[in-house]
Amino acid sequence: MMENTIYALIAFLLVLLAVTKPLGLWIEPLARGEAPSLIRGLDRGVMKLLGIRGQEQTWQRYVTSLLLFNAAGFVFLYLLLRLQGFLPLNPTEAGAMPAFQALNTAVSFVTNTNWQSYAGETGVSHLTQMMGLAVQNILSAATGIAVAFVLMRGFARAKTETVGNFWVDVTRVTLWLLIPLSFAFALFLIGEGVVQTWAGSTTVTTLAGDSQSVALGPVASQEAIKLLGTNGGGFFNVNSAHPFENPTPLSNFFEALAIFAIPAALTYAFGRVVGNTRQGWVFWAAMGTIFAGAFLLFAWAESAGNPILTAIGAQEGMSMEGKEVRFDLGATTLFSVVTTSASCGAVNNLHDTLMPVAGMVTMWLMQIGEVVFGGVGSGFYGMLIMAVLGVFIAGLMVGRTPEYLGKKIAPREMKVASMAILVTPILTLAGAAMSLVLPDALASLNNGSAHGLSEILYAWSSAANNNGSAFGGLNADTAWFNIGLAFAMWLGRFLVIVLVVALSGMLARAKHVPVTSGTLPTDGVLFVVLLIGVVVLIGALTFLPALALGPVAEHVMLY
């Protein structure tokens, strides 16, 4: 079983590597602030039609435009959720979503989190799925990619006050990247068996001879951008464990590939933008190495199975509790590790039933900021901030002012980068700590002891890092969790973005300094090792105590 699982890992990484360069070449001009040459004329016509002038903005104006745009999206989606009972295309007759739940849902989709405390096939209408949730899947992903572009420009430019134009960036990413890829991928998913229809349901006769109503809807179109945009909000309550969202092992493989495709391509585009493609491959190598390690640890933990069930002869090998029988260990591991590495809450199994070490892997991948390829844009700029921290640490070791890509990392830049790294750990640990002492929060648990702690820690890790997947076993549809997790999602997304764009502005104003014999090389194996060490060290120091009380303690008790 493990041998086939390793083959699945190798195959996935090879295919991901194959798509990185061609997709990165398409993204490169977008990152520079231009349209791809093949569609430059069309781009000019569209920008003129939309009235977008394209005048470059300072970082302050860029981030203001970004915040206003996303705030407007939140208001629109909230109203749509509250009024959907009066609107058309509602075959399931879904009523108004409760106020706190609508608040949480609107925030989650605007922030690219897609945390769901409702059953998608019954809780929202087809109109809400298409006009609200799918639209925000596109726009939240475009926002994250735009911020990644800004940080690339901060390193590539010098002595300038501008970092690009938000309206131009988000429009181009939407029209020339996300929509074409989503359309093509939706067709592939339909070919694999993912449904795409206006119907609300159909009645089927079961093998036992009974009648059953099966929910339907425009699933493939929602599914495509859910994965390519690393959103994760499923049309159905059980997400990608549902056969209408993820019907075959082949669809499972390519859905996982879709999640990583754009984040991986951003690394190559970055290398091209800064004039050194080796820099991009350094990021790819560091991300790929951490991903492979997490994959193997997860697979090892799950392959051993539950020792209690094994002892009584109820199970041999891999634990199948909460798993889909159409997916083997490799497919289950691949999807679980990919989605928690990225800010994609899609799941093809119940994480609450994972073995403790496997559950810890999924939590830790979120807690390190999902920098292992990560969400579209957010994973890249998270890893780039880790690189800034890495060169700063290396500079302290040798007694030199740290430099990265020709820019000196001064104390001001380092403070902003440090704050960006600390936002999500503070939100995660503070939220989890409060939930452990509030009676209303503890009443939401279906499990006690170390596993209950893991459920709470997972929820806050998922929200603060804009992942959206749930451990399960926790009733999050309460006032405390709806409001508290919404707060964590909003700050985890937009406070980090403000700090990243501010850092970009500082770097863009700075001049390039020449490389000297004392400059730390950042395009070789040594820096890959340093970058991996920084990511692992920060994750260990920040979350190890909490993980020791949750999944580690549960693992010890289980054995």
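Buried means under 20% relative accessible area, exposed means over 50%, and partly exposed lies in between (1.4 Å probe, protein chains only). The model is predicted: local features need pLDDT of at least 70, side-chain atom pairs count only at pLDDT 80 or more, and totals for chains, interfaces and linings use all residues. Residues are numbered from 1 along each chain as its sequence is written, and side-chain values use heavy atoms, with hydrogens and water left out.

**Exercise 1. Burial and backbone**

Task: Classify Leu 405 and Glu 93 by accessibility, and give the sign of phi for Leu 405 and for Glu 93.

Solution.
- Step 1. Leu 405 has a relative accessible area of 19%, so this residue is buried.
- Step 2. Leu 405 sits in the loop between β5 (403-404) and β6 (407-408); helices (H or I, at least four residues) and strands (E, at least two) are DSSP runs, numbered from the N terminus.
- Step 3. Its phi is positive, about 55°, although Leu 405 is not a glycine.
- Step 4. Glu 93 counts as exposed because its relative accessibility is 69%.
- Step 5. Glu 93 belongs to the loop between α3 (59-83) and α4, and its phi is also positive, near 55°, in a residue other than glycine.

**Exercise 2. Helix α1**

Task: Check the length of helix α1 (residues 2-32) against the expected span, and locate its kink.

Solution.
- Step 1. The expected span of a helix is 1.5 Å times one less than its number of residues.
- Step 2. The 31 residues of α1 should therefore span 45 Å; the end C-alpha atoms are 43 Å apart, which agrees.
- Step 3. The kink, about 35°, is at Leu 25, shortly before Pro 29; the bend at a residue is the angle between axes fitted to the seven residues ending there and the seven starting there.
- Step 4. After α1 comes Gly 33, with a positive phi near 100°.

**Exercise 3. The nonpolar core**

Task: Which residues touch the most other members of the largest nonpolar core, and which helix supplies the largest share of this core?

Solution.
- Step 1. A nonpolar core is a set of buried Ala, Val, Leu, Ile, Met, Phe, Trp, Tyr and Cys residues joined through side-chain atoms within 4.5 Å.
- Step 2. The largest such core has 164 residues, and Phe 12, Phe 283, Phe 291 and Tyr 404 touch the most other members.
- Step 3. Helix α18 (residues 479-509) gives the largest share, 16 residues.
- Step 4. Leaving aside neighbours within four places in sequence, Phe 12 has contacts (heavy atoms within 4.5 Å) that include Phe 253, Phe 260, Phe 291 and Leu 334.

**Exercise 4. Two helix residues**

Task: Compare the accessibility classes of Ser 108 and Val 498, and list their contacts beyond four places in sequence.

Solution.
- Step 1. Ser 108, in helix α4 (residues 99-110), is buried because its relative accessibility is 0%.
- Step 2. Ser 108 touches Thr 113, Asn 114, Trp 115 and Met 489.
- Step 3. Val 498, in helix α18, has a relative accessible area of 25% and so is partly exposed.
- Step 4. Val 498 touches Trp 59, Val 63 and Leu 67.
- Step 5. The C-alpha atoms of Val 498 and Thr 64 are 8.9 Å apart, with these positions 434 residues apart along the chain.

**Exercise 5. The whole chain**

Task: Test the protein chain against the compact-globule rule.

Solution.
- Step 1. The radius of gyration is taken over C-alpha atoms, and the rule is 2.2 Å times the number of residues to the power 0.38.
- Step 2. For 559 residues a compact globule would have a value near 24 Å; the chain has 23 Å, which agrees.
- Step 3. Buried residues account for 58% of the 559.
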